[in-house]
Amino acid sequence: QQQRHPAAPAAPESAALSEFGREMQAGLARRPRSISPKYFYDAAGSQLFDRICELPEYYPTRTELRILGECAGEIAAQVGPGAEIVEFGAGSLTKVRLLLDALEAPRRYLPIDISGEHLAAAAERLRADYPELAVQPIAADYTMPLVLPAPLPGAGKRVGFFPGSTIGNFEPDEALAFLQLAARMLRGGGLLIGVDLVKDPARLHAAYNDAQGVTAAFNLNLLRRANAELDANFDLEGFAHAAFYNAPKQRIEMHLVSRRAQIVSLNGERFAFEEGETIHTEYSHKFTVEGLRALAVKAGFRPGAVWTDPERLFSVHWLGA
Ligand code: AVJ
């Protein structure tokens, strides 16, 4: 929520734009046009993402959950008793619950998320189910350096949890920077990270072009959100969802493609689109097991056990910090 200081001079409308508004305006002004995938996740976008996770074509979520369930004992042995779990991004509570259930007497859970309100509510629900666990949410951007609270007396390892292949959203240099930051924060402990694997492009293509069009709705929700929150007039029929696998770069790319020449206004500024012109909305990088381990080494981790499913669709890695 934007707040204006009562003593501040009346600002022009543009100064009142939210971070989303400023990013959208800057993103439409540059070439190629782009906007960060973090803006997908308003309430409607989060619901659409939950529906994506249920789609028959979208294998990552259910595969990762299966791996976490089946390897829980080995993961627990690796982590040891009394651990303090730091989760990067609020994440689905189902995933951390699987981990908490597997571990021996986890001491504290520190979820880091930018959305403080959402986090507080989720933390409350978790406390009710895990009365022995100290739940201490941290409202912050986990891509920025951050000082964690001192370990509780008698606590075990400090263990990061970064499931869902969220790391795939980062550019390669951002992924390295994040891992370097995490390695520093988790020194003496480790990171449990889930990453989607390189595979048959047809399988990848299907996962991001589902038959029901939920991924298309998720992508287009960005424009609906801009219309609702910013002074924008995107015609949702005027843009199409596009997702394809870029093999040399090992990533799915999502774009919104203008179906025709059109002019869109946002916060009083006009942006002309030619037919076929795109807004890039997301990268979803895929990794090989060896590629992720090499990146982890570069960031200062000691790669340990790797767990995968029989089809080798997805992987969960233990990285010693
Ligand atoms: C939440 C970033 C892991 O990249 O697969 C799903 C988001 N985008 N379908 C992914 C997403 C389109 C997802 N991540």
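# Exercises on a sheet, two helices and a ligand shell

In this predicted model, strand β9 (residues 251–258) and β12 run antiparallel and are joined by 7 bridges.

**Exercise 1.** Work out in which order the strands of the open sheet stand, and which of them are at the edges.

*Solution.* Step 1: start from the pair above, β9 and β12, which run antiparallel. Step 2: add β8, which pairs with β9 in the antiparallel sense over 8 bridges. Step 3: place these strands in the open sheet of 4 strands, whose order is β1-β12-β9-β8, with mixed pairing. Step 4: read off the ends. β1 (33–34) and β8 (239–246) each have a single partner strand, so one side of each has no neighbour in the sheet.

**Exercise 2.** Trace the residues that stand opposite E253 of β9 on its two sides, and decide whether β9 is enclosed or open.

*Solution.* Step 1: towards β8, the residue opposite E253 is F244. Step 2: towards β12, E253 faces Y283. Step 3: move along β9 to M254, whose bridge partner in β12 is E282. Step 4: use the burial count. Since 6 of the 8 residues of β9 are buried, the strand is largely enclosed by the rest of the structure.

**Exercise 3.** Find the residue with a positive phi in the hairpin of β8 and β9.

*Solution.* Step 1: the hairpin has 4 residues between its strands. Step 2: the residue to mark is Q250, with a positive phi near 55°.

**Exercise 4.** Determine how helices α2 and α9 are oriented to each other, and which residues make their contact.

*Solution.* Step 1: the axes of α2 (residues 43–54) and α9 come within 9 Å and cross at roughly 170°. Step 2: an angle over 145 degrees counts as roughly antiparallel, and α2 and α9 are therefore roughly antiparallel to each other. Step 3: from α2 the contact takes A44, G45, L48, F49, R51 and I52, and from α9 it takes V214, T215, A217, F218, N221 and R225. Step 4: sorted by class, this contact has 7 nonpolar, 3 polar and 2 charged residues. Step 5: relate the helix to the sheet. α9 lies across β8, β9 and β12, and runs at about 120° to β8.

**Exercise 5.** List the residues around the ligand, and name the elements that each supply at least two of the shell residues.

*Solution.* Step 1: the ligand is surrounded by I52, P60, G164, S165, T166, G168, N169, Y208, T215, F218, E282 and S284. Step 2: α9 (214–229) and β12 (278–285) each supply at least two residues of this shell. Step 3: by class, the shell has 4 nonpolar, 7 polar and 1 charged residues.

How values were computed:
Residues are numbered from 1 along each chain as its sequence is written. This is a predicted model: local features need pLDDT of at least 70, side-chain atom pairs count only at pLDDT 80 or more; totals for chains, interfaces and linings use all residues. A residue is near a molecule or strand if its C-beta atom, placed from the backbone, lies within 6 Å of it. Ala, Val, Leu, Ile, Met, Phe, Trp, Tyr, Cys and Pro count as nonpolar, Asp, Glu, Lys and Arg as charged, and the others, Gly among them, as polar. Axes are lines fitted to C-alpha atoms, for helices over the stretch in contact, and angles run from 0 to 180 degrees between N-to-C directions. Angles under 35 degrees count as roughly parallel, over 145 as roughly antiparallel, 65 to 115 as roughly perpendicular and the rest as oblique. Two residues are in contact if their C-beta atoms, placed from the backbone, lie within 7 Å. Two strands pair if DSSP finds at least two bridges between them. A residue is buried if 20 or more other C-beta atoms lie within 10 Å of its own, exposed if 12 or fewer, and partly exposed in between; C-beta atoms are placed from the backbone.
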